[in-house]
Amino acid sequence: MLYYENPYLKSVEVEVKEKKGNKCLLLDTILYPGGGGQPADEGIAICNGKEYPIKHVGSLWHEIDGECECNKIKIILNWEKRYLLMRSHTAEHTFFRLLENKGAKMGKIALGEVSSIIFQGDVSIEDILDAEEKTRKLIREGRKVTTFWIEKKDIPNYPELRIKIERIKEEKIRVVKIEGHDLSACKGVHVSNLSEIGDFAVLHFRTGNKKEVKFVIGETAMSYHYKASQEMRKLLWYRNLDMEKIENYIENLENENNKMRKALIDANKDAKFHVEKCGEIDLYYLFLLYADRKIIQRKALDIANHNKAIVVYGIGENNIACVAYNSSYPWARDEYMRLLNKMNGRGGGKGNFVSGSVENAKTFVEELKKIICEKALQLRGDENGYS
Ligand SMILES: [Zn+2]
């Protein structure tokens with residue numbers, strides 16, 4: 001294939017072997033059909049002096065946006081997109097080899113303006129930063145990239161080869177070699193020297209079981225590194241801190257914050273519900289910014305179970321609003337759910353207790369209290385024969 005023989009070919013004139021409506025079977029092509037995380041190339045076809053976008057690229061069948069009439073067509077590759085993919089793909093090989101050395105196992109690659117690698121393995125933030133630094137060094141050194149084909153039976157001769165053997169169907173395997181660094185079985189299109197990548201930056205690292213790295217290359221990577229350094233220095237200089245102390249500084253802030261939060265929660269353990277009479281019902285209510293959810297729930301249920309009462313409360317920290325009601329007033333649940341739906345909240349609950357998350361717990365509690373009180377007054381009115 002021409003895209004393997006010369007990945008730098010931006011246009012080519014090729015013979016059309018067969019035609020089926022809008023589809024042309026070409027003798028050869030410069031358009032990569034996609035695979036291995038590298039999207040298919042884009043391009044246009046020129047036939048009788050007219051340009052047609054190529055809608056779909058198969059391995060040799062290409063579907064054009066128009067009738068395929070010519071016996072020879074010229075293909076022009078969207079080079080800008082392809083070159084970014086070639087560079088990103090080669091960067092991925094360079095970088096992921098380093099992660100594999102640390103025990104990472106490849107999951108899925110998606111190459112693009114921002115590329116993503118999903119993987120598993122015991123890899124730390126420090127490992128990621130170290131691999132990024134080494135990748136940048138290899139790029140600066142301008143390591144050569146070459147490709148060659150081997151037979152399936154020869155795989156044992158290449159113990160360093162990264163290959164997912166269970167995914168290989170063909171007898172011939174294409175190997176991409178980065179000078180003194182990596183051998184990897186791959187069908188994609190790559191650059192011939194790492195220096196073409198320009199630069200490399202990891203934008204994001206998602207930890208957990210299914211890990212993900214997002215990276216960029218070239219100018220974008222360069223400006224990211226620049227910006228990261230600017231932002232870091234602003235952070236330090238505004239606070240008169242040394243770089244070595246920033247982690248400690250943030251840890252202290254977090255500890256302080258946790259301590260304060262805990263103190264507030266402790267203080268609210270003795271919080272008293274307000275109470276007012278609505279018809280025959282005692283309406284209890286409370287709003288707290290911080291609270292121990294279990295303790296306050298227990299209190300609310302205790303009140304509702306032992307009194308002719310409905311208890312409405314909210315917690316500001318995670319915007320939670322709840323209602324606990326004496327089993328004689330099951331309509332409290334309906335009123336709660338109606339308001340929850342109206343205010344785009346989500347929630348539910350068993351027995352005589354309902355809880356949900358809302359946009360603003362304080363407003364919700366005030367509104368619910370009003371609704372429940374009106375309903376209670378109305379119900380008493382009905383009993384007394386007037387409304
Ligand atoms: Zn590759």
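Me: What is the bridge partner of A45 in β4?

Reply: In β4, A45 has Y52 as its bridge partner. Keep in mind that this is a predicted model. The two strands here are β3 (residues 43–47) and β4 (residues 50–57). They pair in the antiparallel sense, over 4 bridges.

Me: How many residues lie between β3 and β4 in the hairpin?

Reply: The hairpin has 2 residues between β3 and β4. Look at N48 in the turn: its phi is positive, about 50°.

Me: Which strand does β4 join through 3 residues?

Reply: A hairpin through 3 residues takes β4 on to β5. Strand β5 covers residues 61–64, and 3 bridges join it to β4 in antiparallel fashion. One pair to find on screen is I54, which stands opposite I64 in β5.

Me: Now a sheet with more strands. In what order do the 4 strands of the open sheet come?

Reply: The order is β7-β8-β14-β13, with antiparallel pairing. Read the edges next. β7 (105–110) and β13 (200–206) each have a single partner strand, so one side of each is left without a neighbour in the sheet. Neighbouring strands are turned against each other by 25° on average, direction ignored.

Me: How do I walk across this sheet, pair by pair?

Reply: Start at β7. It is joined to β8 (residues 115–120) by 5 bridges. Here K108 stands opposite I118 in β8. Step on to β14: β8 and β14 pair antiparallel over 5 bridges. In β14, K211 is the bridge partner of F119. Last comes β13, which pairs with β14 in the antiparallel sense over 6 bridges. There F200 stands opposite I217 in β14.

Me: What does the turn between β13 and β14 hold?

Reply: These two strands form a hairpin with 4 residues between them. G208 sits in that turn, with a positive phi of about 105°.

Me: How should I think about the side chains of a strand?

Reply: In a regular strand they alternate between the two faces of the sheet. Now check the cover on one strand here. β14 is mostly covered, with 5 of its 7 residues buried.

Me: Which strands does helix α4 lie across?

Reply: Helix α4 (residues 218–238) lies across β13 and β14. It runs at about 105° to β14.

Me: How do I read the helix itself?

Reply: Begin with the general idea. An α-helix has 3.6 residues a turn, so residues three or four places apart point the same way. Then take the case. α4 has 21 residues and reaches 31 Å from its first C-alpha to its last. That is close to the 30 Å expected at 1.5 Å a residue. After α4 comes N240, with a positive phi near 55°.

Me: Is α4 covered or in the open?

Reply: Largely in the open, because the number buried is 1 of its 21 residues.

Me: Where are the nonpolar residues gathered?

Reply: In soluble globular proteins, nonpolar side chains tend to be buried together. In this model the largest nonpolar core has 35 residues. Among those with the most contacts inside it are I310, V323 and L368. Elements that each supply at least two residues of this core include β17 (309–315), β18 (320–325) and α8 (361–383). Another core, of 25 residues, lies apart from it, and I197, V213, V216 and A221 are among its members.

Me: What is V323 in contact with, leaving aside its neighbours within four places in sequence?

Reply: Its contacts are I310, V311, V312, A332, Y336, V354 and L368.

Me: Is D182 buried or exposed?

Reply: Count the C-beta atoms around it. The cut-off for buried is 20 or more others within 10 Å. D182 has 23, so D182 is buried. It is found in strand β12 (residues 182–185). Not counting residues up to four places away in sequence, D182 touches H93, T94, R97 and R162. D182 and E160 are 22 residues apart in sequence, yet 7.6 Å apart in space, C-alpha to C-alpha.

Me: How do I read the protein as a whole?

Reply: Compare its radius of gyration with that of a compact globule. For 387 residues the globule would have a value near 21 Å, but the protein has 33 Å. Its C-alpha atoms fill a box of roughly 95 × 60 × 45 Å along the principal axes. Of the 387 residues, 28% count as buried. The secondary structure comes to 8 helices and 20 strands.

Methods: Residues numbered from 1 in each chain as written. Predicted model: local features only at pLDDT ≥ 70, side-chain atom pairs only at ≥ 80, totals over all residues. Pairing = 2+ DSSP bridges. Axes fitted to C-alpha atoms, helices over the stretch in contact; angles between N-to-C directions. Contact = placed C-beta atoms within 7 Å. Rg over C-alpha atoms; globule rule 2.2 N^0.38 Å. Buried ≥ 20, exposed ≤ 12 C-beta atoms within 10 Å, placed from the backbone. Core = buried A, V, L, I, M, F, W, Y, C linked by C-beta atoms within 7 Å. Expected span 1.5 Å × (residues − 1).
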